[in-house]
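Visitor: I should be grateful for a close look at a single part of this structure. Please explain how its pieces are arranged and which residues deserve attention.

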Amino acid sequence: MFGNMGDMMGLMGKMKDLQANMKTAQEQLSGIVETAESGGGMVKATVNGQKTLVGLEIDPELVNPDDKEMLQDLVVAAVNKALENIEPKVKEHLQKATAGVMPNIPGFDLSSLMK
């Protein structure tokens, strides 16, 4: 008679644990960083796990008012590459944070909950 109630209570406890773990994991994402470069290392962009640009380095040789389009393209390329490279780190971090609380369901992406 109380078997199902016990299962519900256990599930509710796991949900509270999952919420706490996800909150902690979100707070830690700012400490996960990835740097990518373009133009043979002349432009370097650093992003964090919250998908925020936190650093940008540009070689002074690239700063040419007559060719700003090239510089803009290199900045965009470096930022996009860094954002692409951070994604696996974010997923791994979230999987570790929810290990034991959330079952590993193929195709279920916890990073979509972090937006």
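Guide: Let us begin with a pair of strands in this predicted model. Strands β2 and β3 are paired in the antiparallel sense, and five bridges join them. Together β2 and β3 make a hairpin, with four residues between the two strands. One place where the pairing can be followed is V43, which stands opposite I58 in β3.

The turn of this hairpin merits a pause. K51 lies in the loop between β2 and β3, and K51 has a positive phi of about 60° although it is not a glycine. As a rule, most residues other than glycine have a negative phi. K51 counts as partly exposed, because its relative accessibility of 39% falls between the limits of 20% and 50%.

Next, consider β3 itself, which spans residues 53-58 and includes I58. I58 has a relative accessible area of 32%, so this residue is partly exposed. I58 also belongs to a nonpolar surface patch of about 330 Å², made together with L53, L56 and V63.

Now return to β2, which covers residues 43-48. Five of the six residues in β2 are buried, so the strand is mostly covered. β2 also pairs with β1: the two strands run antiparallel and are joined by six bridges. β1 and β2 form a hairpin as well, with four residues between them. In the turn of that hairpin, G39 has a positive phi of about 60°.

Finally, β1 offers a residue that can be examined in detail. E34 is located in β1, which comprises residues 33-38. Across the pairing, E34 stands opposite V47 in β2. E34 counts as buried because its relative accessibility is 16%, which is under the limit of 20%. Which residues is E34 in contact with, leaving aside its neighbours within four places in sequence? They are A45, T46, V47, A82, N85, I86 and K89. For K89, a polar contact can be described as well: the side chain of E34 makes a polar contact with the side chain of K89, at 2.7 Å.

To retrace the path, β2 pairs with β3 over five bridges, and β1 is joined to β2 by six bridges. The turn between β2 and β3 contains K51, whereas the turn between β1 and β2 contains G39.

Definitions and conventions: Residues numbered from 1 in each chain as written. Predicted model: local features only at pLDDT ≥ 70, side-chain atom pairs only at ≥ 80, totals over all residues. Heavy atoms only, no water. Buried < 20%, exposed > 50% of the residue type's maximum accessible area, 1.4 Å probe, protein only. Polar contact = N/O pair within 3.5 Å; in protein donor to acceptor, adjacent residues only side chain to side chain. Contact = heavy atoms within 4.5 Å. Patch = residues over 30% accessible without salt bridge, like charges linked within 9 Å, V, L, I, M, F, W, Y side chains within 5 Å. Areas by Shrake-Rupley, 256 points an atom, 1.4 Å probe, with all protein chains shown as cover. Salt bridge = Lys/Arg side-chain N within 4 Å of Asp/Glu carboxyl O. Pairing = 2+ DSSP bridges.
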